[in-house]
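Here is a protein to walk through step by step. Start with the confidence of the model, then move inward.

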Amino acid sequence: MSTHDTEQELLAHARHSPEAFAQLYDRYYPAILNYVVRRTGNIEAAKDITAETFVKALSAIGRFEWRGSSFGAWLYRIAGNELATYVRRGKYTPVSLEHLHETQGLEPVSATEVEAELIAAQETLTRHQQFLTCLQHIRQLPVIYQEVIGLRFFADKTIKEIAEILRKPEGTVKSLLHRGLARLRTALEARS
């Protein structure tokens, strides 16, 4: 029995069984959360968006049909719609490393090597600031470019998988990715 058959059987059971849906939830939650965290840069918002994604999936599971698209692709589409709603409502607020330290207890790497801690913290802060800057520029792109870039680099999806999720031909996805990255590169270079 292939993984796809197993997923189809599990989905069929999930339409009537909360336990079966819980298995799908356990299987897909980490990937969807990771994707949303990287798109929002905000852990709490990402948790809310991911939860809403699964609530909507559960309520619409009876309408899901296998049309050459996987259940995972369907979840990414729902998450993308929830992200778009989140952005439209203006709920985005950048998160600083200090905020993560204060609210979630994020600590430097080593308590015994002060110099190593400082270097590691500075590197982490620099990477975080670069990520937030890049994320800010990604958010200024048209939504279709945001989705393609997010799925490719934040969710590690292949061109084929992105095409399935967005229901677009692979050539279109490649073109969108190329144009989106070119726009992002131009925006980042203009900032320098």
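Over residues 1–5, where does pLDDT stay, and how many contacts beyond four places in sequence does the model have for them? The pLDDT stays under 50 there, and the model has three such contacts for these residues. This is a predicted model, and confidence varies along the chain. Residues 108–114 also stay under 50 in pLDDT. For that stretch the model has five contacts beyond four places in sequence. The protein as a whole averages a pLDDT of 78. A score of at least 70 is reached by 78% of the residues. Among the elements, helix 8 has the highest mean pLDDT, at 93. Helix 5, residues 97–104, has the lowest, at 53.

Now the overall plan. The protein has nine helices and zero strands. Along the sequence, the pattern reads α-α-α-α-α-α-α-α-α. Take the contacts with a separation of 6 or more: 62% of them join residues 24 or more positions apart. Of the 192 residues, 40% count as buried.

Next, the interior. In soluble globular proteins, nonpolar side chains tend to be buried together. Here the largest nonpolar core has 48 residues. Those with the most contacts inside this core are Leu24, Ile32, Tyr35, Val36, Phe71 and Leu151. The elements that give two or more residues to the core include helix 1 (3–14), helix 3 (43–60), helix 8 (159–166) and helix 9 (170–191). Helices 2, 4, 6 and 7 are also on that list.

Look at Tyr35 more closely. Leaving out residues up to four places away in sequence, Tyr35 touches Tyr76, Ala79 and Leu83, among others. Its other partners are Glu147, Gly150, Leu151, Phe154 and Ala155.

Several of those names belong to helix 7, which spans residues 143–154. Its buried residues are Tyr145, Gln146, Glu147, Val148, Ile149, Gly150, Leu151 and Phe154. Just after this helix, Asp156 takes a positive phi of about 55 degrees.

Helix 6 offers another buried site. Thr133 lies in this helix. Why does Thr133 count as buried? Its relative accessibility is 15%, and the cut-off for buried is under 20%. Beyond four places in sequence, Thr133 touches Leu188 and Arg191.

What about gaps in the packing? Rolling a probe the size of a water molecule over the atoms shows where empty space is left. A search of the whole structure finds two cavities of 30 Å³ or more. The largest holds about 50 Å³ of space. Its lining is made of Arg39, Thr40, Leu83, Tyr86, Val87, Leu135, Ile138, Arg139 and Gln146. Helix 2 (18–40), helix 4 (71–88) and helix 6 (114–139) each give two or more of these residues. By class, this lining divides into five nonpolar, two polar and two charged residues.

The second largest cavity has a volume of about 40 Å³. Arg39, Gly80, Leu83, Ala84, Val87, Val143, Gln146 and Glu147 line this one. Helix 4 gives the most to the lining, with four residues. Helix 7 also supplies at least two. Four of the lining residues are nonpolar, two are polar and two are charged.

Note on methods
Residues are numbered from 1 along each chain as its sequence is written. This is a predicted model: local features need pLDDT of at least 70, side-chain atom pairs count only at pLDDT 80 or more; totals for chains, interfaces and linings use all residues. Side-chain values use heavy atoms; hydrogens and water are left out. Buried means under 20% relative accessible area, exposed over 50%, partly exposed in between (1.4 Å probe, protein chains only). On a 1 Å grid over the protein atoms alone, a cavity is a set of points where a 1.4 Å probe fits but cannot get out, and a pocket is an open set with protein on both sides within 12 Å along at least five of seven lines; lining residues have an atom within 4 Å of a point. Grid points are joined across faces, edges and corners, and a volume is the space filled by probe spheres set on the points. Ala, Val, Leu, Ile, Met, Phe, Trp, Tyr, Cys and Pro count as nonpolar, Asp, Glu, Lys and Arg as charged, and the others, Gly among them, as polar. A nonpolar core is a set of buried Ala, Val, Leu, Ile, Met, Phe, Trp, Tyr and Cys residues joined through side-chain atoms within 4.5 Å. Contact means heavy atoms within 4.5 Å. pLDDT is the predictor's confidence in each residue, from 0 to 100.
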